[in-house]
Amino acid sequence: PSFPTRRSSDLILHVVHSVEPGGTERMLCRLVSALDGVGANHIICSLRDPRPFDGTLGDGLEIISLSAKGRDRFLYRRLAKLIRDRSVDLVHARNWGTWTDAALACRSSNNAQLLLGFHGLQNGQSFTKFQRLRAKLLNMDALATIAVSNAAREVLVDSLGFDRNNVRVIRNGVNSRQFAPVSDQTRIV
């Protein structure tokens, strides 16, 4: 697939399962807060969190909760409505728990592009037969996908049948030159 190209006016909707304390979702909130005013605009959509957010996750950070409970077979409809109402350009579905709803929502929202993000599975875990079937029925293997490591990419290739060429690897990390610790000579006391 072609990977989405970003414009500074784009609205990116990051879809997460929840923003419970710790983990990648909280880091996403920090990252989006730090990017405020730089490049694209961002909204975080939590599928499950039932509570409103009070700003403790970042100033000016917009987090919308769809407050889904249990197996909500029609959650994708509410997500699609959000995508349409807010004129979202790119939906970044972060990890398996969001992929199905995001894929169905984007299909019924016409213009929004979908990008799957994958951080991997816990040791000993694998995709279930039902997950593999869902991925095949929704043609997820043809979608633009980002994995955080070669090992995560191989899980998608081996377990879900993704084409290795459709999975871009962007490693978690920090540019050590740009974010180097302050030296004693440049430190302001």
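**Group meeting: a seven-stranded sheet and its helices**

Strand 6, residues 144–147, and strand 7 pair in the parallel sense, over three bridges. Within that pairing, alanine 147 sits opposite valine 169 of strand 7. Before I go on: what you see above is a predicted model.

Now the sheet as a whole. It is an open sheet of seven strands, with parallel pairing, and the order is 3-2-1-4-5-6-7. The edges are strand 3, at 63–65, and strand 7, at 167–169; each has a single partner strand, so one side of each has no neighbour in the sheet. From one strand to the next, the twist averages 25°. As a reminder, strands of a sheet pair through backbone hydrogen bonds, either parallel or antiparallel.

Next, the helices that lie on the sheet. Helix 5, residues 150–160, lies across strands 5, 6 and 7, and runs at about 165° to strand 7. Helix 3 lies across strand 1 (11–16), strand 4 (90–94) and strand 5 (113–118). Its direction is at about 155° to strand 4.

Helix 3 also packs against another helix. How far apart are the axes of helix 2 and helix 3? They are 8 Å apart, and the two helices, residues 75–85 and 96–107, pack at an angle of about 55°. That angle makes helix 2 oblique to helix 3. The crossing of helix 2 past helix 3 is right-handed. On the helix 2 side, the contact is made by Leu75, Tyr76, Leu79, Ala80 and Ile83; on the helix 3 side, by Asp101, Ala102, Leu104, Ala105 and Cys106. Sorted by class, that contact has nine nonpolar residues, no polar ones and one charged.

Back to strand 4, for one residue: arginine 94 is found there. Is arginine 94 buried or exposed? It is buried, because its relative accessible area is 16% and the cut-off for buried is under 20%. Leaving aside neighbours within four places in sequence, arginine 94 is in contact with His14, Val15, Val16, Leu28, Trp99, Gly117 and His119.

Last, two loop residues to look at in the backbone. Serine 67 is in the loop between strand 3 and helix 2. Its phi is near 50°, a positive value in a residue other than glycine. Serine 67 counts as partly exposed, at 27% relative accessibility. The other is asparagine 139, in the loop between helix 4 (129–137) and strand 6. Phi of asparagine 139 is near 55°, again positive in a residue other than glycine. With 39% relative accessibility, asparagine 139 counts as partly exposed.

Notes:
Residues are numbered from 1 along each chain as its sequence is written. This is a predicted model: local features need pLDDT of at least 70, side-chain atom pairs count only at pLDDT 80 or more; totals for chains, interfaces and linings use all residues. Side-chain values use heavy atoms; hydrogens and water are left out. Axes are lines fitted to C-alpha atoms, for helices over the stretch in contact, and angles run from 0 to 180 degrees between N-to-C directions. Helices (H or I, at least four residues) and strands (E, at least two) are DSSP runs, numbered from the N terminus. Angles under 35 degrees count as roughly parallel, over 145 as roughly antiparallel, 65 to 115 as roughly perpendicular and the rest as oblique. A crossing is left-handed if the near helix is turned anticlockwise from the far one by less than a right angle, and right-handed if clockwise. Contact means heavy atoms within 4.5 Å. Ala, Val, Leu, Ile, Met, Phe, Trp, Tyr, Cys and Pro count as nonpolar, Asp, Glu, Lys and Arg as charged, and the others, Gly among them, as polar. Two strands pair if DSSP finds at least two bridges between them. Buried means under 20% relative accessible area, exposed over 50%, partly exposed in between (1.4 Å probe, protein chains only).
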